[in-house]
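Me: I have a structure open and would like to go through it with you. Could we take it topic by topic?

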Amino acid sequence: MKTLMELVAPELGALGPYVPHAGRFAVRLDANEAPPLFSPETRALLGEEAARCAWERYPDATASELRRAIATHDGVTPEEVVVGVGSDELIALLLTVLRVPRGAAPSARLLTTTPTFVMYRLSARVRGVAVMEVPLDSAWDLAEESLTRAVEMSPPNLVFIASPNNPTGTMATLERLERLIQVAEGALVVLDEAYIDYAASPNAQRALYRKYDNVAILRTLSKVGFAALRVGWLIAAPALCRELEKARLPYNLATVSQRLATVALTRLAEERARLAASVIGERERVTAALGGLAGVTATPSQANFLWVRTELPAGEVFQGLAERGILVRSFHERGGRLAHQLRVTIGTPSENDAFLAALAEVT
Ligand SMILES: *Cc1c(COP(=O)(O)O)cnc(C)c1O
């Protein structure tokens, strides 16, 4: 075993597996999933469609029906769409394919912000891609000068920007995003729109994709009611999609995932809109309620979660909530300005009430 261990990629030495919080909680508001609000009719339709899958056959390796549905949904051509097992797989695929070091750099580089979605960093480190993280500014927006300096000093292969961002719920100012795309001309800038269905202007960033060759858009069904399917997609120039297709595993997306994702996009638009409207309504209600609690402030959110600052250390608040059966995400272990920050997913109205009641007791 010892000699086998010598063969393991050295990058893994400093890493651990991704483990969601264990334990049983009455209310789980820690993973930004949508609340279970689909109607019985929608559930029945999904069941019927699943029952029609050809179980003995491999899935469609080109996911042609799903890619056509995505293309129609997003106003692009199927040649601009690559599907993945969640956007996580597409993040890994991009890091695998766009990996030739630039200039005299010893390795490929990824530029992103902090705090942001942790999979960017983890996926890069597994593949030996160097990670540069530029802190967001005091309003959790892009820090323009620091990003420009980073791009100029160490040209990246890839730039990942989540907008709306996880965990802050904020959108990057469009002008700052556009200038970043311009200075990072030689890199692919990936705009991760995992939460875009909850944003006030869901189409604004799309214009940047149409205007600049070096922009791609990342989407997922995970945050809008279909986390179980594990379906994400990338929208990018056809030439780049063709290269990504060579590295994608041909049967990555299960037949049932392809089928039900297609149904979600083509026949459940109203149901998805109803779910998003309910979450947005609850988000505004919870934000207002938090405004009435002393020692707590919430950053205005464009996503399905709230970025909450507590006067007490976040670790203490997290513990108090957990003892009352409510799981949220705390960032206290990251220290610095994150030591007082919690991320709280918007749940059903009664879950949100339970969270508010528990928080009032704890803070
Ligand atoms: C949750 C999340 C994703 C989704 O990943 P999937 O693999 O599609 O479930 C992607 N990007 C961001 C910023 C997220 O928060």
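The exchange below goes through a helix, the backbone, the pockets and the salt bridges.

Me: Before we start, what kind of model is this, and which pLDDT limits apply?
Reply: It is a predicted model, in which local features need pLDDT of at least 70 and side-chain atom pairs count only at pLDDT 80 or more, while totals for chains, interfaces and linings use all residues. Residues are numbered from 1 along each chain as its sequence is written, and side-chain values use heavy atoms, with hydrogens and water left out.

Me: Let us begin with helix 11. How many residues does helix 11 have, and how far does it reach?
Reply: Helix 11 covers residues 269-291, which is 23 residues, and reaches 33 Å from its first C-alpha to its last. That is close to the 33 Å expected at 1.5 Å a residue, where the expected span is 1.5 Å times one less than the number of residues. Helices (H or I, at least four residues) and strands (E, at least two) are DSSP runs, numbered from the N terminus.

Me: Which residues of helix 11 are buried?
Reply: They are Glu271, Arg272, Leu275, Ala276, Val279, Glu282, Arg283, Val286 and Leu290. Buried means under 20% relative accessible area, exposed over 50%, and partly exposed in between (1.4 Å probe, protein chains only).

Me: And what do the buried residues of helix 11 pack against?
Reply: Their partners are helix 2 (40-51), helix 3 (64-74), helix 10 (255-266), strand 9 (296-299), strand 10 (305-310) and helix 13 (349-362). Contact here means heavy atoms within 4.5 Å.

Me: Arg283 is on that buried list. Which residue does the side chain of Arg283 meet in a salt bridge?
Reply: Arg283 meets Glu284, at 2.9 Å from N to O. A salt bridge is a side-chain nitrogen of Lys or Arg within 4 Å of a carboxyl oxygen of Asp or Glu. Arg283 has a relative accessible area of 6% and is buried, whereas Glu284, at 41%, is partly exposed.

Me: How many salt bridges are there in the whole structure?
Reply: The search finds 22. One of them joins Glu178 and Lys211, at 2.7 Å from N to O. This pair links distant parts of the chain, with Glu178 in helix 7 and Lys211 in helix 8 (residues 206-211), 33 residues apart.

Me: Is Glu178 buried or exposed?
Reply: Glu178 counts as buried because its relative accessible area is 19%. Lys211, at 55%, counts as exposed.

Me: Which residues are linked in a network of salt bridges?
Reply: Glu49, Arg52, Glu65, Arg259 and Arg267 are linked in this way.

Me: New topic: the backbone. Where are the cis peptide bonds at Pro164 and Pro167?
Reply: Pro164 lies in the loop between strand 5 (158-162) and helix 7 (174-183), and Pro167 is found in the loop between strand 5 and helix 7 as well. One cis bond joins Ser163 and Pro164, with omega about 0°; another joins Asn166 and Pro167, with omega about 15°.

Me: What is phi for Asn32 and for Arg230?
Reply: Phi of Asn32 is near 60°, and phi of Arg230 is about 55°. Both values are positive, and neither residue is a glycine. Asn32 lies in the loop between strand 1 (27-28) and helix 2 and is buried at 1% relative accessible area. Arg230 lies in the loop between strand 7 (215-220) and strand 8 (231-235) and is partly exposed at 30%.

Me: On to pockets. What is the volume of the largest pocket, and which residues are closest to its centre?
Reply: The volume of the largest pocket is about 1300 Å³. Of the 42 residues lining it, the closest to the centre are Tyr18, Asp30, Val118, Arg329 and Arg343. On a 1 Å grid over the protein atoms alone, a pocket is an open set of points where a 1.4 Å probe fits, with protein on both sides within 12 Å along at least five of seven lines; lining residues have an atom within 4 Å of a point. Grid points are joined across faces, edges and corners, and a volume is the space filled by probe spheres set on the points.

Me: Which element gives the most to that lining?
Reply: Helix 5 gives the most to the lining of the largest pocket, with 5 residues.
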